[in-house]
Amino acid sequence: FGQTAKDYVLFKPAMEPLKESYSICSWTKRAATNLNPFWLSYGTSSNSNELTLASVGYYHVFGSALNVKDKLTDSSDGEWKHQCATWSSSSQVFRVYHEGNLLATKNTLSGTKMGMDGYMA
């Protein structure tokens with residue numbers, strides 16, 4: 001398990017607490033192979049990229065991509081790095097933090113809320 005991009009666990013969590021805002025943080029270590037660099041992936045029936053977070057600087061929020069790979073100057077393979085992503089429907093802003101520093105922001109549409117019928121993989 002974990003040797004190919006087809007190796008994953010799929011589950012359906014209760015996402016109701018994250019419907020209007022979230023803060024998600026993790027320590028991640030980028031593997032040299034990067035078969036699947038996403039450490040969190042949540043998709044719904046209407047949007048397979050509702051939220052994806054990757055250790056290599058790729059993010060999706062409500063299906064819209066955010067690429068900050070060129071800003072990750074210290075993300076060497078095999079080193080632990082701290083990453084966070086925050087969003088709220090009131091601010092309409094998705095924020096990405098790397099090693100405690102604000103790395104990028106992306107505006108989301110007014111009235112957007114997290115889809116509730118999805119799965120994490």
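Let me begin with one lysine, K113, which counts as partly exposed because its relative accessibility is 39%, a value that lies between the 20% below which we say buried and the 50% above which we say exposed. Please keep in mind throughout that we are looking at a predicted model.

What does K113 form with E20? The two residues make a salt bridge, and in it the closest N and O atoms are 3.5 Å apart. This pair joins distant parts of the chain, since K113 sits in the loop between β8 and β9 (119-120), while E20 belongs to the segment before β1, and the two are 93 residues apart. As for E20, its relative accessible area is 43%, so this residue is partly exposed as well.

How many salt bridges does a search of the whole structure find? The search finds two, and the other one that I can show you is between E79 and K81, where the closest N and O atoms are 3.3 Å apart. Here the partners fall into separate classes, because E79, with a relative accessible area of 39%, is partly exposed, whereas K81, with a relative accessible area of 11%, is buried.

Now let me turn to the strands, and to the open sheet that four of them form, in the order β1-β6-β7-β8, with antiparallel pairing. Why is one side of β1 and one side of β8 left without a neighbour in the sheet? The reason is that β1 (21-29) and β8 (101-107) stand at the edges, so that each has a single partner strand. From one strand to the next, the twist in this sheet averages 15°. If you would like to follow one pairing by eye, take β7, residues 93-98, which runs antiparallel to β8 over six bridges, and look for V93, whose bridge partner in β8 is N107.

Other strands pair as well, and we can walk along them from β3 to β5. Strands β3 and β4 are antiparallel and share three bridges, and among the residues involved is T52, which has H60 in β4 as its bridge partner. The hairpin of these two strands has three residues between them, and in it G57 takes a positive phi near 95°.

Going on from β4, residues 58-61, to β5, residues 64-67, we find antiparallel pairing again, over four bridges. Within this pairing, Y58 stands opposite N67, and Y59 has L66 as its bridge partner in β5. The hairpin of β4 and β5 has two residues between the strands, and here F62 is the residue to look at, with a positive phi near 55°.

I would like to finish with a threonine in a loop. Is T44 buried or exposed? Its relative accessibility is 10%, and since buried means under 20%, T44 counts as buried. You will find T44 in the loop between β2 (38-43) and β3 (51-54). Which residues does T44 touch, if we leave out those up to four places away in sequence? They are E50, G115, D117 and G118.

Conventions: Residues are numbered from 1 along each chain as its sequence is written. This is a predicted model: local features need pLDDT of at least 70, side-chain atom pairs count only at pLDDT 80 or more; totals for chains, interfaces and linings use all residues. Side-chain values use heavy atoms; hydrogens and water are left out. Two strands pair if DSSP finds at least two bridges between them. Axes are lines fitted to C-alpha atoms, for helices over the stretch in contact, and angles run from 0 to 180 degrees between N-to-C directions. A salt bridge is a side-chain nitrogen of Lys or Arg within 4 Å of a carboxyl oxygen of Asp or Glu. Buried means under 20% relative accessible area, exposed over 50%, partly exposed in between (1.4 Å probe, protein chains only). Contact means heavy atoms within 4.5 Å.
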